[in-house]
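Here are some notes to keep beside you on a first look through this model. Open it up, and then let's go point by point.

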Amino acid sequence: MSLVESQSEDRQSEEQVRYLQANGRELNSKFGYPNNTIKTSRYSVLNFLPLNLFEQFQRLANAYFLILLFLQLIPQISSLAWYTTVIPLMVVLSVTAVKDAIDDMKRHQNDNQVNNRSVLVVMNGRIKEDKWMNIQVGDIIKLKNNQPVTVSTSLGCGFFFFGLSEYKGTLLLLLETNLKVKQAISVTSDLEDNLGLLSAFDGKVRCESPNNKLDKFTGILTYKGKNYTLDHDKLLLRGCIIRNTDWCYGLVIYTGPDTKLMQNCGKSTFKRTHMDRLLNILVLWIFLFLGSMCFILAIGHGIWENKKGYYFQDFLPWKEHVSSSVVSAVLIFWSYFIILNTMVPISLYVSVEIIRWGNSYYINWDRKMFYAPKNTPAQARTTTLNEELGQVKYVFSDKTGTLTQNIMVFNKCSINGIFYGGVYDKKGRRVEVSEETEKVDFSYNKLADPKFSFYDKTLVEAVKKGDCSVHLFFLSLSLCHTVMSEEKVEGKLIYQAQSPDEGALVTAARNFGFVFRSRTSEMITVVEMGETKVYQLLAILDFNNVRKRMSVIVRTPEDRVMLFCKGADTILSQLLHPSCRSLRDVTMEHLDDFAIEGLRTLMVAYRELDNAFFQAWSKKHSVACLSLENREDKMSDVYEEMEKDLMLLGATAIEDKLQDGVPETITTLNKAKIKMWVLTGDKQETAVNIAYACNIFGDEMDGMFIVEGKNDETVRQELRTARDKMKPESLLESDPINTYLTTKPQMPFRVPEEVPNGNYGLIINGCSLAYALEGNLELELLRTACMCKGVICCRMTPLQKAQVVELVKRYKKVVTLAIGDGANDVSMIKAAHIGVGISGQEGMQAMLNSDYTFSQFHCLRRLLLVHGRWSYNRMCKFLSYFFYKNFAFTLVHFWYAFFSGFSAQTVYDTWFITFYNLVYTSLPVLGLSLFDQDVNETWSLRFPELYDPGQHNLYFNKKEFVKCLVHGIYSSLVLFFIPMGTIHNSVRSDGKEISDYQSFSLIVQTALLCVVTMQIALDTTYWTMISHIFTWGSLGFYFCILFFLYSDGLCLMFPDVFQFLGVARNTLNLPQMWLIIVLIVVLCILPMIGYQFLKPLFWPVDVDKIMDRIHLCMRHSLSPPTRTKLKHASSRRSAYAFSHKQGFGALITSGKAMKDKVFKRNSSPFKK
Amino acid sequence: MTWSATARGAHQPDNTAFTQQRLPAWQPLLSASIALPLFFCAGLAFIGLGLGLFYSSNGIKELEYDYTGNPGTGNCSACALADQYRAPPLRCSCAWYFSLPELFPGPVYLYYELTNFYQNNRRYSVSRDDTQLSGLPSALRHPANECAPYQRRASGLPIAPCGAIANSLFNDSFSLWHQRQPGGPYVEVPLDRTGIAWWTDCHVKFRNPPLVNGSLALAFHGTAPPPNWPRPVYELSPDPNNTGFINQDFVVWMRTAALPTFRKLYARIRQGNYSTGLPRGSYIVNITYNYPVRAFGGHKLIVFSNISWMGGKNPFLGIAYLVVGSLCILMGFVMLVVYIRYQDQNDEDEDEE
């Protein structure tokens, strides 16, 4: 693959400008553009074996064992038979190969699926169906709207397009979740869908070479001798979805790897977990330890050979090449290196991989993370990060689409001073909307949107009654907007709204009987209570950020000129006619109520215009439109002239729907001491509003800091003020962290955790963040922000999101997780230790770059607290046990050296060494690390505090490793000296000897296996049937293998390889042997039981107390206590906000506004 | 990666206990009610077992004599001196006189013990050819490389049995004489030299090569005995069932010891009058002193021992059991005290809460 890449890079470096001709395959083929085949797979059937082996031996561990194998083949130092390394190595390699093969097979399937998807190509005047992989540069293809042609991002190619249908040659393009307007150049859109003309089209395109800039494209189309410029508005990118047009034709410009999407994918950086790094360090430690042990033993050997071996030469002469004890010692160093290599178990890395793999599958299989409406299960796209999910400390979240659904729902309104939308029960009390709440019946309206639900019947009754102001209110909603409608089937309207807010308002109007049916640039057709009316659209008074309102002027069928206006209440209330002052006061009160519930509000007003006045204004308007200087100002002056003396109609309240369970999830995560940072491109007000709604900020918070400085100094001041309040001593010179930082520690250094004196929140906007992220301020920002419970960063660019994540990653020794759904989150998803993509949205960029995907934010809770926690615990248990069992296993050799003349004599049978990690102990430890649960999911979710140990990596760190080492040393001592003491000068009950080497081996190895099995039994807290089978089965299996390996037949067939004939029969029936085993097991296990028992008593940590409570409940089989903390009546800061995105306005610019007023009230709709 | 084309719910994961990690399971808890009794029970059981083991080991009688012959330690010194200039070893005899005031209860076993002899040295212990010893004719003449330098004689003849272990075969021999009454004649006590090796060893693992013309000597034709051996392997014993590779002394020697100090069974005393043990009286052990050990500081011992249900005399296991048992009980008390104290403390804490 790297070869292909380098080739294509070569080609690209040569290719400065790209030439191509439409319908000119022959010409284009000369340039050798790549075809549209996608290849993400790595292997083919033929090259799998060599390539995979090559890749595997690039890993240090495998290469190490290969070297070890060569060492073993040198007869002078070989202390172990060659097969003790070859067999495990083969197994490890083949397990990895099988896993790689399965992964690659999936990739092949995906590739095939993508490559074989059908596409319509214009060929010789006909439309032909072809496969995607056959598309070439210069082809003209047809895309349809209602076919899932570009549903998948893995499809398509970059092309510029021409022929278009309907909507006056406009096309809405869905790139990620944002609609973009694209328009074909006129010369090609004139071709329409005339296939003859299309296939005869022979325009030549000269354009830039493939690059990854999504928003930039320059090219020149030469057609019939004329040049036309092509910019990025003319380019449809791979990964887009076409909307709002029936079809379009396009000329293929980039294919396959050249497309902007593929160019943009970038090389995904391979993420490594903290545990991986720790493992590498530990393996290094082990190496040093191993080296020093070998050194000690080699010296011992030298001394022994001098003192004893030299005189023992009568019976054991030195070898010819061994001239002195020093040479012998050097050789023995390597011999011991071979013997003690099991300290670094060959199967460590492959076992870790298998465990992560298995635990990833649990995520894929989790039904509670499956989202039925979109049919999307959670997916672990990376299988190497699992245990890090149990260590997350910081969560960086996007807002729109992640916390919220990006769905706006018309929730309440106030019309003419009357409040609508509240839901009351029979006794007149306010109730929460639930599944059972009866919806309003809109059956009287055939054009109603069935998905719309509203719960207050009084409003419908008012509409039916014909209440004039209510009618006018909805009429204005159905007229004053920039929504476009589509009506494929009679009566089934589909609105294409630029912002979901607008869509919600128009949909509401539609359901209440004022159906916006279609529009042209001059007409708006509205069905009013079943009666079709056509309004003449006279003017649209644009939205902009200053005006915070939009208006339309229409001529009604009754020939009245009306202005309808909607906008932020702060603005609109100033523009009202004095006569509606009392109405305004009532409405403002309602608006306050809406704000408290966190709803987005707008005021709606109208004005009836005098025809003459309008004509006069219209002239001024056209003058202003045409003016070249200060056009903006002049326009807004003209607008202001018109938008005054408005008559108030009422106000709307739209709910920005949070995803299900978001507040609960965030509360849970907070309890798990996970810090939430919201990084959003949205406005401050919107973001803060949502932060309150989803419990990132609570009312119990002690303070809130807003950083909005416009230069270095103010930002610094604001940050320091915030810190002063949270932890005054942190500003003092004497503060340890300050002292530490002033010593200018070498990078990389870590900023220690600081504890503030309360719960605080920080809000910072993108502009200030730009300053704060600069060199000298970033530590200030980090220290301040990390002390806060929640941080909101608004108006962020995608790059800043990544920078913030990087900042925390760089200076804090924590695990970060970024979650988002859109293309603007990709950078932060890639930057964070763990990237989570919300899938199921149309845009898949985030998902494709993420490590885990699911479709609902609330799954994060399960991902971290259940799967993450389990994965972490399992991994830690696995590592502790794995190191322990290998230390206990290997170090026995060390002790034996002192009694065998440091001669590299092994304690065990070679077959036992071969099979120990591979067969005898692999299944129990796999069972432990795939099935173990300290507490089940219910408890994990109920007590988020249980998550805490992972964040501080308490269960496996260097200290724990040293404990394993000490434990291993202790066990090996017991394992060696008890049998030694017992068999020393001892005989069997029939007088024959048992102090022979082979019996000793058998006793020690059997005892070892019993000890490690008991140890894992002690570590296992969740005994499933499989655990039983694995654990006891392995022990039983050992005895079976033992009798097989020591059987007469096998030993006689290969007397040199199987030398332990009859040892099992002669030794296993000895009472001494079993007494030894019992003694060893007790000596090794009872202290551990004592330690486990005393540890929580002597050094209790928070988790122990919680575990105690859980165990208490479990023993009495109680259900988890529902921890409904009484929530205090909250005073909520609310603000009005509107999710308006600019850039849609090539056709119609809409006006939206927001109100940023602060209210404090006691009620909270989001808390139950 | 597309969801559009598939049916609703098609991707829903299976609802099995395995995939949902809800496998029924037993979740044992390490509570005080388990841990404390465990310690006490284990302690008591161990002390009981330990006492049993200790007494049964103590009941075993052992009689040992170091005949290495360090100057002034007996009449083997002369032989020991000769041992300095060994190879080929001189035949030298010495004796050990001892008397038993009472019956030495049988069955009595006669062992020889070597100290400081590293049979477990790796180079030593691999220096053998199990294929040759299993009687394979091809291997007989082609000893394995591990046997070097005792693979072939200088003449090029293959050594059978090859290797350092075989070469260093222990070749002292003992005979036991009993004098019933003081001044009476010494009667030779019959030593049973068979049945001293593992049955599997001398019947399965070690086999002579197939006889040639009914003669074992011919079967070994073309091989040479190890350099230290005065006789070829087929003359180890006149008994045809106990000669060659299946000679029991040889088989016992070839089962290498795990530790540098080891005992090997020399003979069993169980015949005639001596089946119940060695009666009281004076005894002589006549020793044919061949085997040189003083060069490397080794010792040779001769040991008479009888045996209980759990083997020979070795107090280690009994003492270990007693110590561990006591420690268990001690730990149990410590844990009990700690538990009660912290339990109270925790209760108080909870009350405060």
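1. Let's begin at a small spot: the side chain of Asn62(A) reaches the backbone oxygen of Gln56(A) at 3.0 Å. That is a polar contact, meaning a pair of N or O atoms within 3.5 Å; within protein, one must be able to donate a hydrogen and the other to accept it, and residues adjacent in sequence count only if both atoms are side-chain atoms. Asn62(A) sits in helix H4 of chain A, residues 60-73. Helices (H or I, at least four residues) and strands (E, at least two) are DSSP runs, numbered from the N terminus. Beyond four places in sequence, Asn62(A) touches Gln56(A), Phe57(A), Leu89(A), Val92(A) and Leu93(A), where contact means heavy atoms within 4.5 Å. Asn62(A) counts as buried because its relative accessibility is 5%; the cut-offs are under 20% relative accessible area for buried, over 50% for exposed and partly exposed in between (1.4 Å probe, protein chains only).

2. Some ground rules: this is a predicted model, in which local features need pLDDT of at least 70 and side-chain atom pairs count only at pLDDT 80 or more, while totals for chains, interfaces and linings use all residues. Residues are numbered from 1 along each chain as its sequence is written, chains are lettered from A and ligands numbered from 1 in the order in which they are written, and side-chain values use heavy atoms, with hydrogens and water left out.

3. How far does the confidence go? pLDDT is the predictor's confidence in each residue, from 0 to 100. Chain A averages 80, and 85% of its residues score at least 70. Two stretches of chain A stay under 50: residues 146-178, with 162 contacts beyond four places in sequence, and residues 1124-1168, with 142 such contacts. Where pLDDT is low, the predicted coordinates should not be read in detail.

4. Now the overall picture of chain A: it has 39 helices and 36 strands. Of its 1168 residues, 60% are buried. Among contacts between residues at least 6 apart in sequence, 74% join residues at least 24 apart.

5. Where does Asp398(A) lie? It is in the loop between strand E15 (392-397) and strand E16 (404-415) of chain A. An unreviewed UniProt entry annotates Asp398(A) as "active site"; such annotations may be inferred rather than shown by experiment, with positions given in the numbering used here and feature names shortened. With 4% relative accessibility, Asp398(A) is buried. Its side chain makes a polar contact with that of Thr402(A), at 3.5 Å. Partners beyond four places in sequence include Lys801(A), Asp821(A) and Asp825(A).

6. Turn next to residues 849-1100 of chain A, which the unreviewed UniProt entry labels "domain: P-type ATPase C-terminal". The chain there is 71% helix and 2% strand, and the end C-alpha atoms are 42 Å apart.

7. Ile1076(A) belongs to helix H38 of chain A, residues 1071-1098. Is it buried or exposed? Ile1076(A) is buried, because its relative accessible area is 0%. Outside the four places on either side in sequence, it touches Ile978(A), Pro979(A), Thr982(A), Ile1003(A) and, from chain B, Leu317(B). The C-alpha atoms of Ile1076(A) and Ala1007(A) are 7.7 Å apart, although 69 residues separate the two along the chain.

8. Finally, a helix pair: residues of H11(A), among them Ile354(A) and Tyr362(A), meet residues of H30(A), including Leu926(A) and Phe931(A).
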